[in-house]
Amino acid sequence: MSKDSSLKTRLKLLEQLALVMQYRQLQVNTLEAIYHETKDLLLVDEGKDAEVRLLIAIADRQSEQIGLPLRDSFFCDIRQMGLSDLSLEWLVALTKNGEDISGYEYDIVDLILDWLSEVLDIRKLDHRLAIRVLQLAQQMNTGFLREKALDEIVHKMSVRICYKVDHLTYECLLLLDAILKYGHVPDSKLIPLITTLCTVIPFNRLGLTAWGLMKDLLRSSCGYNTLRLLLQMITCAKNCPKPKVIVGAVTAVTLSLWGNQRIDTLRIHPSGVLPALASGMEADPIIMREVFISLKRLLSKYGKELQQLTWHCVMQLLNKAADLLNNMPFSDNRKNLYQQLHKLIKIIEELYREGEFSGSPEAVFDLIERCTFERPPESVVALIDYRIMCISPLTHRWLNILADLVQRYLRNECSIVREKAVSVIHYIFIKYHHMFEIEIISNLVIPILYKVYDEKDMTVQNQMINILFDVAKTMRLLVSGETDLFASIISIIRTFLDIEFHREECSENLEIVIGGVCQMLHERFAHLKFVHLDLIINSIFYDPLKIYYTNENVCKIGVEIRQQLIAALLSILFPIIRGILRRLCRLFEFKDFIFSAGEVRMKKMKDALLNLFEKRAVLLWENDVDVKVDASRKADDRRNDVELAIHLCPVLSRLINYLKDENICKILVECVGAGVQQPIVACSLAIQIVPDCMVPLARQLMNHLTKLQPTSAKLSISILELVSDSSYVREFYQFFQMQDFETIVDILAPCTNVHRFNTYIIAVAFRTLMRWYVLIPENYRLRMAEYIINRVDLHLLSHIIPLNDLVQLANLEGRSSVSSISTFGSQPDSPSLSSVLHTLPSNRNSNYYGTVEASQRESLAEEARQALLTFMQRCKSDSVDKTIHPADLTEMTEYRTEHWVINDTIISLSVYLDNKPWKESDSSESERNIQLNEEFTAEGRRRHQSAVQRPEKYVVKPLCPTTLDDSFTMKRQAPKRQIQTLAVWTQLTIRHIYGKHSWLMRGLIETLEDFNASAQLLNIEDSSELIMHLCRGGNAVKITSTDKAKISRSLRNLDRIFALEVHCVGIVYIAPGQTKESEILSNLYGSERYSSFIRMLGEPISLEIHPGGLVPEIHGNFTYRYTDALSQLIFHIATLMPRREDDPQCNQKKKFIGNDYVSIIYNDSGKSYELGTISGKFAYVALEVVPLDESHMQIVIHTRQEIASWLSITRAFLPDEQAANFLKCLILRSQLSVNVWRREDENGPPYIGLPVERMRAIRNFATMGTKQI
C-alpha cells in the first residue's frame, strides 16, 4: 500500500481490501492507517476512482469504527472533490443517507447548498444527479439549517419550480415539505414559496402534494400571513404574468375556507374573500372559471347558512362576472363561462324558492333580468312574478311600469315567457279593476292588445283574445262624461275579424273570437246599451255574415262560424224573454195594476205565455237550416227546456190567481219533467189555488214526480213539500184510488234512504207517509200498509228486507185500532190490522257497515221504520194523558207496583187497597157509579219539543154503594161476627210511543172484622201471570231495579215528551208606520182583514187549560189552536194579550213570541220586514204575510242561514183562505227544520219526531230490566 509499491499493485490491493471490509470489522487505527497510506491516490487520476471506492466501502461497511478525525478527513476530501457520482455516493455512505452528520453538522449545509445550486441551475436543466441530491437534502436534519441557508434553499427551489414544472418538481416539493415540518420558512421567502405552491396546485399530478404543503403552511403560525398574501396576489392578478398562479391561489384560499378540507383554525368570513375573487376575475377567463367553481362549492355546501353580507358580496361578484362576459368576445370559453354563471344563478333561485335565501331578492332578480335571454323560461317567469309583486298602485306611474314590463317580455322568443307576460294583464285587471278599471284598460289593456292580429304565436294570441273578452264581460259600460272603453275593446275585436275575413286561410283563433262574442252577448245582453248592441250586431255579426255569403266561403270553418253567428243572433231572444218573465213574476203580485189592463189584454197575455211554451223550439232555438240535428242539439234543447221552465213556471203560478185555466196547469205539470225546482213549487201553489184544475192532472203529475228520482237535496225537498202540501187539500185527493196512493208512496219512499239524504229529508218523508196513510180509505189500509213497508224497506237501507210475516191481509176489512191491551194477547180468528202489523220485522239486526256513522244511520232507519209501523197500527197520536186515578189515593195503601217493557211499550200494574171497609148498610145500590171530571193544569213553558207538558188529571168521585158488587153473593151476617168487605183497585197503565192509556179495575174481598186482612191478600194473583199471558212470546222485559225514585223519574220524563207534535207560533201585527219592536208588540188590535185571517188559522180555545203556557187574565182570555192527526199548533197572538202599564217594552208578550221558533208577521206597514226585528234567541223563521189587494196575500219566508237551504218555497202569492191553509204547512215544515238543525248543532241523536224520542226513552228505560222467558 505504500507509495513505494507500483500503482498496479496498490490498485489490486485496494480491491482486495474492499472485499475484506465486506466481511470483517477492522480496528480504528487500521482504518486510519489504510487512509493515510492510500490518500495520495486521490491526486492520481488512474487511482482516484479505486481509492474513492475503497473509502466508500470503509464509510459504508466500517461506519461504526470510523472516528471523528477520520470522518472529518473524509468530509474534507468529499468537499474538495466537488459534485460527482463518487463524491455523492461517498457522502451518502458517510452520512447514512443524510441521517448521521455528526462532526460536520454545520459544514455540510454549505456543501449541500453548493450542490443544490449546481443541480437546480435553470441554465443547466435536467442535471443527472439532481434527484439524488434533492433526496439527500430531504433526509438531512433541517434543524441545523441557518436562516440564510433556508432562504437560499427555498429561493433556489422556488425559482426552479416556477421556471419549469417537471420531474424534479415533486422532489423539490418533498424537500420543501421537510423544511416546513422541521424547519422555519423565513418571512422574506414566504412570497416565493406561496407563488411556487400556487404554480403547482393547478396541475393534476402534483396539485395534491402542493395543496398539502399549502395546507401545512396555512395551519402554521404564519397561516394568516399566508392567507393575506394569497388574497393580495388574487387582488393584483392583473400584474401576474402567469394566470395559473392566481388560479392556484384561488383554489388554495377557497379550499381552506369552505372546501372539503376546510382549515378550522382560519376564522375568515367569506365576505372578506369574495371581493378579492371579484377583482381576480378581471385578469383572465381561467381565473373566472376557478372563481365560479369555488363559488359553486360555497353555495352548494353553505348556501342555507350564509348571511346577508355574504350574499351581498356574492351578488356583486356575479354582476361583475356578467359584465365581464358581456364584454368578452364570442368563443367557446365564453359560452362555457356563461353556462357556469347560469348554474350559480340556478342554485340561488332554488334557495330562494325554498325560503333559504337570506340576501336581497331584488339583487337576485336584477341579475336574472340582465341575463334574461340566456335564462330558462322558468327563471324568467319567476322574475316576472317578482316584478309584479313589487308593483302596487302606490308605486309612481305603476301602470306605465307594468306596460313596459309586459312589452319587454313580449319580445322574448320563448312562448312560455310571452304567455306569462300576457297573463300579467289579466292578473292586474282582475285584482284592481274595482278601483282602477278605467286606468288599467286605458294604459295597459288597450295599448298592448290592440295589435293582437299581429301575434304569430297562436297560443299567445288565444290568450290575448281571452283577456279581451274577460275585460269586455266584466268592465263597466259607458258612463256619461267618460271614454267609451267598451267600444274600444269591441273595435279591437272587429279589427281582428276584418283582417281574418280577408285572408285566404283563416287562423285557428277565429272560431274562438266568434264564440267569445256570442258568449259575451249572451251574458251581458240585459246590461248592454243600445250603442253597444248596435256596434256588436252591425260590426261583428252583420259584416262577417255579409262577407261570407258574398265570397261564398263554404269551407268547414266557414260553416261553423256562420252557424255560431246565426245561433247567437237567435239566442238574443231568450235573454229578452227571460227579463220579461222576471218582471212579470213581480208585476202579477199587484192585482189592481193587472186588472187595470182589462180582461182582453189579460187573455192575450195568457195566450202569449202559452204559445211561448208550445212554440219554444221555433221561437227560441231554431238554428241554421243547413245544420243537421245531432246528440249535442238534443242536449241543447233539453237545457233550453229547463231554462224556460225555470223562468216561465213562477209567472204561471201567479197568473192562475187571475185566470183559472186548466191549460196553465197542464204546462206546469209538463214542466215538472224538466227536473228543476221551480215547476214543482209552482204545482204546489197551483194545488192550493186551483185544486179543481189540478185534479184531472194529478195522476200525470205524480207520474212525473216518480220518474224524477232526485239525488240532490234541493230537488228532494221540493218534491216532499209538494206531496206534503197536497195532503192538506181535500179536493186534490178525494178521488184517489189504490194505485194513486201507491204512486204517492213510490214518490216518498226513495227519500227515506238514510245513506243518501240528510236527517231533515228523512223526517219529512216519514211524516208525509204518516199523513197520507191517515187519508187512505179504511178498505185500502191493509194492503197499503204492506205496500208502504215494502217500498220503505227497499229504499231505507242499501239492501231489501223481505216481509214474510204478512198473512191473511186479503180477508181483513174494517178499521182496527189499538184501544186495549188485547193487542198483546191471543190472536183472534180473523187477525186485526194492528195485530198483523205488530208482527212485521223491526229491522233491528241490519248489516253493520263497519263505521260509527253507518251504524248510527242504520239505527236511525230502524227507529223511523218502527215509528211508522206503530203509527199504522193506531192512525193517530194522543194529545191528552188519559191516566185514571182512584179516589182518595192518600187513604189507600199501595200493595204492589210492577213495570214491564214489551215491544217499545211500558206496562205498569199497580195494586191499591182501600183502607175504608165496605159496610152492608151502605150497599143499597146495584152498581157503583163513577163520574169522571176532567181537570187541566197549566202547561209548563216549553223551550224545545221535548219540554215539560204537565198531564191532565182525572178525578174520580166514588159514591157509596147501597149493595155489594154483582160479583159477590149476598149472605146473612152471623150474629156474633160481622163481615167487612175490602176494595182492591188495580191500575193498568200503558205507555207507548204515540201516547199513554190507563184503566182502573176494582175487586172486593170479604174478611172477618177481627181477622187480619193481610192473610187473605196472600191469595191475590200475581200480575206477572197476566203479563206473561198477554205477551205469549216471552218478549217481556221486567224492570228489576229497586230504585223507585229512579223509575218514577224516568216515567215522569217520558210523560213529559208529547206524542203529538205540539208547536207554539207567535203572531204579531205591524200597523202602518211601525218599525220598532215595542210599537209592534204593543198593538191591541189589527185591521179587520187581519182578524179574519187569524180566524182562518184555527179554532178558538180558552186559556183555562193553559195552552202554550198562557195564563188566563194575564195573557188574555182565549187564543187559537189548529190540530191534525200528527201535530198541533198553538198561536201566541200579541193582539189578544193585554198591554200592561208597568211593561212599556211588552216583555210579557216577548217572553212568549220571542222564544217561539216560528212567528207570523202580518205586515200592514208597507215596508219589508227584516228577521230580528222581534228579537229573540230562538227566532229562526219569520213568515211575513203582506196583504196586496182585497183578496190576495203575499207570503215571504225569512229564515236564518243555517236552515234556509231546507225550505224550498220562499215566496208565495195566494188568496186569503189558501194563504192561511198554506201558512200552516209552512209552519210545520219550519218547526221540523229548526228541531232537526238544533239537534245536529247539539251533536245529539238525529231528530225525526217526538214519537221516536219517546221510543228512545222507552228503550233506555228497558235497560233497567231483565228479559223474562
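## Phe 590 and its surface patch

Phe 590 lies in the loop that connects helix 27 (573–587) with helix 28 (591–595), where helices (H or I, at least four residues) and strands (E, at least two) are DSSP runs numbered from the N terminus. The model is a predicted one, in which local features need pLDDT of at least 70 and side-chain atom pairs count only at pLDDT 80 or more, while totals for chains, interfaces and linings use all residues. Residues are numbered from 1 along each chain as its sequence is written, and side-chain values use heavy atoms, with hydrogens and water left out.

With a relative accessible area of 42%, Phe 590 is partly exposed, a class that falls between buried (under 20%) and exposed (over 50%), with a 1.4 Å probe and protein chains only. Together with Leu 587 and Phe 593, Phe 590 makes a nonpolar surface patch of about 290 Å²; the residues of such a patch have over 30% relative accessible area and no salt bridge (a side-chain nitrogen of Lys or Arg within 4 Å of a carboxyl oxygen of Asp or Glu), and nonpolar side chains are joined within 5 Å.

## Asp 740 in helix 38

Asp 740 is found in helix 38 (residues 738–748) and counts as buried, at 9% relative accessibility. Leaving aside residues up to four places away in sequence, Asp 740 touches Arg 699 and Phe 735, contact meaning heavy atoms within 4.5 Å.

## Strands 9, 10 and 11

Strand 9 (residues 1099–1102) pairs with strand 10 (residues 1118–1123) in the antiparallel sense over four bridges, pairing requiring at least two DSSP bridges between two strands. Here Ser 1102 stands opposite Phe 1118 in strand 10.

Strand 10 is also joined, by three bridges, to strand 11 (residues 1127–1133), and these two run antiparallel, with Thr 1123 opposite Gln 1128 in strand 11. A hairpin of three residues links strand 10 to strand 11.

How values were computed:
Patches are made of residues with over 30% relative accessible area and no salt bridge: like charges are joined within 9 Å, nonpolar side chains (Val, Leu, Ile, Met, Phe, Trp, Tyr) within 5 Å. Accessible areas come from the Shrake-Rupley method with a 1.4 Å probe; for residues, only the protein chains shown count as cover.
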